[in-house]
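Q: I'd like a close look at one part of this protein: the metal site and the charged side chains tied to it. Please start there, then follow the thread outward to other pairings and to the helices.

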Amino acid sequence: MEKLIITAALTGAEVNREVQPNLPLTPDEIAEAAYEAYKAGASIVHIHARDEEGKPTQSYEVYKEIKEKVEAKCPVIFQPSTGGATWHSPEERLQPVDLQPEMATLSCGTCNFGSDVFMNSQEYMEKFAQKMKDLGVKPEVEVFERGMINNALRLVRKGFLDTPIHFDFVMGVPGAITGEIRDLLYLVESIPKDSTWTVAGIGRHELPLANMAILLGGHVRVGFEDNIYYNKGELAKSNAQLVERIVRLAKELGREVATPDEARKILNIK
Ligand code: KMH
Ligand code: ZN
């Protein structure tokens, strides 16, 4: 089995300090959280930027500042979000790709997202994928529903997306696929055999799905974007604390943890 790639999703667009007082918001805080997560065992950091008021922003300048600060601290793979918040325009969402990061997310379909709708039309999926291809950015295909795998495969057929695909199954968002283990198995069985995949379980789904991914040969995403708790009713102290637990579980289950360079090889990042 390949070594385990752990992604730390540090901030997200939906969480705030009222529910998680340790949420990193400023570029300095995000860079420090990235460094702590890297030291704990993360090889990728998934980034959402915030403006000076703590509101989600897809500003090129803010992502640039975060990227430079993260890179000054550690060699972790920098993966900005192109999902942003549900109310960001596609043009806003695409801005961080201009930084030519090693990776960026590519959401492959529309779904309900809590009380909002997360819009990803065919036209914009193609635009996002083409831009990533032109700039040599490895997409992480975000899958919130089974049909989104088909959308990604259509992008491959139309020449917008290269194989092997790296998928992120985001499971347990209210309005989209559940975080049940049978749904994870269904998704894993539905992707091309040469793909790689990671799972981001939302809330209470994080830990069981992470364990399944370790056992099945997938990879794991944890962090405040997906889950603010360490245990039921007990807030996590940091993103790094959530990463540390995955490292311990992987060791117990006989799976070694990948360094950023090992993750680059596994994901075919040049
Ligand atoms: N915040 C969600 C609406 C991504 O980062 O690419 C979209 C999201 C996906 O988080
Ligand atoms: Zn995200």
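**From the metal site outward**

A: Happy to. E225 and R221 are both buried in this model, which is a predicted one. The two residues form a salt bridge, with 3.5 Å between their closest N and O atoms. They also have further company: salt bridges with shared partners join E142, D168, R221, E225 and D226 into one network.

Which residues serve as protein donors of the zinc ion (ligand 2)? E225 has this second role, giving its OE atom, while H46 and H48 each give NE2, and these donors lie 2.1 Å from the ion. Along the chain, the donors follow the spacing H-x1-H-x176-E. H46 and H48 are both buried, as is E225. E225 is thus a place where two descriptions meet: a donor of the zinc ion and a member of the salt-bridge network.

With that pairing in mind, let's look at other charged pairs. Side chains of opposite charge can pair when their charged atoms come close. The model has 20 salt bridges by the rule used here. One of them joins R264 and E102, whose closest N and O atoms are 2.6 Å apart. This bridge ties together distant parts of the chain, 162 residues apart: R264 belongs to helix 9 (residues 260-266), and E102 sits in the loop between helix 3 (90-94) and strand 6 (103-107). How covered are the two partners? R264 has a relative accessibility of 15%, so it counts as buried. E102, at 26%, counts as partly exposed.

Both ends of that bridge have a backbone feature in their surroundings. Most residues other than glycine have a negative phi, and most peptide bonds are trans. Q100 is not a glycine, yet its phi is positive, at about 50 degrees. Q100 is placed in the loop between helix 3 and strand 6, the loop that also holds E102. N268, again a residue other than glycine, has a positive phi near 60 degrees and is found in the segment after helix 9. N268 is partly exposed because its relative accessible area is 38%. While we are on the backbone, the peptide bond from T163 to P164 is cis, with omega near -5 degrees. P164 has its place in the loop between helix 5 and strand 10 (166-171).

A further salt bridge leads to helix 6. R182 pairs with E180, their closest N and O atoms being 3.0 Å apart. R182 is exposed, since its relative accessibility is 61% and the cut-off is over 50%. E180, at 36%, is partly exposed.

Which residues of helix 6 are buried? D183, L184 and L187 are. Their directions fall within an arc of 100 degrees when seen down the axis, so they line one face of helix 6. The exposed residues R182 and E189 are carried on the face turned away from that buried side.

Helix 6 (181-189) also takes part in a nonpolar surface patch. I181, L185, L215, L216 and L253 make this patch, which covers about 380 Å². Helix 6 and helix 7 (206-216) are the elements that give two or more residues to it. L215 is found in helix 7 and counts as partly exposed because its relative accessibility is 48%.

For a second example of a helix with a buried side, turn to helix 4. Its 14 residues, 122-135, reach 20 Å from the first C-alpha to the last, close to the 20 Å expected at 1.5 Å a residue. M125, E126, F128, A129 and M132 of helix 4 are buried. They cover an arc of only 165 degrees around the axis, so they sit on the same side of helix 4. The general rule behind such a pattern is that an α-helix has 3.6 residues a turn, so residues three or four places apart point the same way.

Finally, a stop at helix 5 (residues 147-157), where L155 is found. L155 has a relative accessibility of 0%, so it counts as buried. L155 and C108 are separated by 47 residues in sequence, and their C-alpha atoms are 9.1 Å apart in space.

To return to the start: E225 is buried, donates to the zinc ion, and pairs with R221.

Key
Residues are numbered from 1 along each chain as its sequence is written. Chains are lettered from A and ligands numbered from 1 in the order in which they are written. This is a predicted model: local features need pLDDT of at least 70, side-chain atom pairs count only at pLDDT 80 or more; totals for chains, interfaces and linings use all residues. Side-chain values use heavy atoms; hydrogens and water are left out. Patches are made of residues with over 30% relative accessible area and no salt bridge: like charges are joined within 9 Å, nonpolar side chains (Val, Leu, Ile, Met, Phe, Trp, Tyr) within 5 Å. Accessible areas come from the Shrake-Rupley method with a 1.4 Å probe; for residues, only the protein chains shown count as cover. A salt bridge is a side-chain nitrogen of Lys or Arg within 4 Å of a carboxyl oxygen of Asp or Glu. Helices (H or I, at least four residues) and strands (E, at least two) are DSSP runs, numbered from the N terminus. Buried means under 20% relative accessible area, exposed over 50%, partly exposed in between (1.4 Å probe, protein chains only). Donors are N, O and S atoms within 2.8 Å of the metal (3.2 Å for Na, K and Ca); water is not among the atoms, so sites may look incomplete. The expected span of a helix is 1.5 Å times one less than its number of residues. The arc is that of the directions from the helix axis to the C-beta atoms.
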